[in-house]
Amino acid sequence: MHALDGQTHADTRPTAVIATGGTISMLADPASGVRRPVLTGAALADGLTGLSAPLTHLQPYAIASEDATFAHWLTLVQEIVRLTPGHHGVVVMHGTDTMEEAAYFISECVPRAAVALCGAMRPPGRPGYDGGQNLMDAVTVARDPLARTLGTVVVMNHEVLPAWDVVKRDSVALSSFATRHGTRIGTVHDRQLRLLSRPLELNWIGQIPTEAPDPDAVAYVRMTGSPGPTRFAEAIRGAAGIVVDALGAGSIPAAVRSDLIGAAGRVPVVLTTRTGSGPVQAEESYPHAWDDLISAGVLLEKRLDGPRARIRLSLSLSLGRPYTPLEPL
Ligand code: SIN
């Protein structure tokens with residue numbers, strides 16, 4: 001039997017579980033009823049029948065992930081580097097609202113580490129609480145012998161999804177997590193990982209900054225029809241880099257185009273698409289439509305969404321590297 005189909009593992013090292021807060025850990029305060037991220041990874045794991053893997057637990061912080069910063073994610077990267085040699089994979093319990101960005105940040109910095117992020121769409125005690133199952137599945141993935149070849153993945157609702165492509169696409173559904181381009185790596189059920197596809201080998205940054213990137217360095221603007229030129233100019237003024245979620249395959253309205261082209265002469269400008277899937281690219285059907293942007297140095301990002309391009313550009317700036325679009329090797 002292949003290891004992915006449930007073979008017992010010879011590696012007896014524990015798996016590290018890093019708890020950071022999020023709905024997976026939100027217990028209601030008995031007096032006020034307000035939920036706070038106080039359930040630890042150890043307490044959650046202790047209550048799970050069937051989770052027999054040896055685990056070590058740590059909790060560098062406990063927050064709702066709306067408050068997560070680059071500094072929090074750099075802390076996770078540093079812990080993952082510290083824990084990896086003595087552990088059989090690392091699980092990160094994270095709030096779902098920014099889980100895809102945390103996963104991407106980790107993947108950019110330590111692309112070869114075996115990391116599985118999980119969380120919950122329902123808080124503990126509510127019908128359908130999914131935190132225990134997701135933790136169990138994430139441990140299964142992190143402990144799989146092939147986990148290192150998967151890099152950083154998100155494990156939610158039995159799905160194993162790659163950090164570069166996973167998105168929370170529904171605000172409330174248990175099946176919220178999917179990928180923009182349909183790049184599902186596998187499923188996990190009854191403590192067995194079933195691989196469905198190999199993750200792409202990508203040109204990850206593969207470097208860890210000594211300090212967290214400046215979250216104000218990059219201006220991130222989502223394009224709309226009838227954009228306000230004055231507002232747009234204000235949004236990009238003084239930025240060290242700019243990411244614009246363009247329309248369609250990269251369309252930029254005339255109202256803001258010359259400002260963006262002017263900025264591209266000074267700082268890196270990256271175009272992503274706001275459509276939810278597909279690349280930004282000069283299309284054969286519209287010859288020369290992107291010529292002015294390309295000759296100004298605007299970079300066309302074919303794989304990442306805007307928030308992830310913002311992370312890649314922020315990391316690149318803090319490491320003193322040029323931005324290169326995410327590409328298969
Ligand atoms: C959070 O992201 O911390 C709250 C929402 C969630 O975990 O589902």
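**Figure 1. A salt bridge links the two domains.** Let's start at the border: between domain 1 and domain 2, the count comes to 1 salt bridge. This is a predicted model, so treat every picture here as a computed one. The partners in a salt bridge are arginine 312 and glutamate 108, whose side chains meet with 2.7 Å from N to O.

**Figure 2. The chain splits into two domains.** Zooming out a little, you can find domain 1 at residues 2–195 and domain 2 at residues 218–319. Take the centre of each domain over its C-alpha atoms, and 32 Å lie between them.

**Figure 3. Domain 1 and domain 2 share an interface.** How many residues of each domain are in contact? There are 15 from domain 1 and 15 from domain 2. People often describe the size of an interface by the accessible area lost when the parts come together. Here, the two domains bury about 1300 Å² between them, and 56% of that is on carbon and sulfur atoms. On the domain 1 side, Phe70, Tyr104 and Arg180 lose the most area to domain 2, together making up 49% of what that side buries. You can also look for polar contacts across the interface of domain 1 and domain 2: the rule finds 7 residue pairs.

**Figure 4. Eight residues surround the ligand.** Which residues should you look for around the ligand? They are Gly22, Thr23, Ala64, Ser65, Gly95, Thr96, Asp97 and Ala120. Sorted by class, this shell has 2 nonpolar residues, 5 polar ones and 1 charged one.

**Figure 5. Oxygen atoms of the ligand meet protein atoms.** Check out serine 65, where an N or O atom of the side chain is 2.6 Å from an oxygen atom of the ligand. With threonine 23, it's a polar backbone atom that sits 2.9 Å from a ligand oxygen. Alanine 120 also uses its backbone, with an N or O atom 3.1 Å from an oxygen atom of the ligand. Taken alone, the ligand exposes 250 Å², and the protein buries 90% of that.

Notes
Residues are numbered from 1 along each chain as its sequence is written. This is a predicted model: local features need pLDDT of at least 70, side-chain atom pairs count only at pLDDT 80 or more; totals for chains, interfaces and linings use all residues. Side-chain values use heavy atoms; hydrogens and water are left out. A residue is near a molecule or strand if one of its heavy atoms lies within 4 Å of it. A polar contact is a pair of N or O atoms within 3.5 Å; within protein, one must be able to donate a hydrogen and the other to accept it, and residues adjacent in sequence count only if both atoms are side-chain atoms. Accessible areas come from the Shrake-Rupley method with a 1.4 Å probe; for residues, only the protein chains shown count as cover. Ala, Val, Leu, Ile, Met, Phe, Trp, Tyr, Cys and Pro count as nonpolar, Asp, Glu, Lys and Arg as charged, and the others, Gly among them, as polar. Domain bounds come from an automatic or database domain assignment. Contact means heavy atoms within 4.5 Å. Buried area is the accessible area (1.4 Å probe) that two parts lose on being put together, summed over both. A salt bridge is a side-chain nitrogen of Lys or Arg within 4 Å of a carboxyl oxygen of Asp or Glu.
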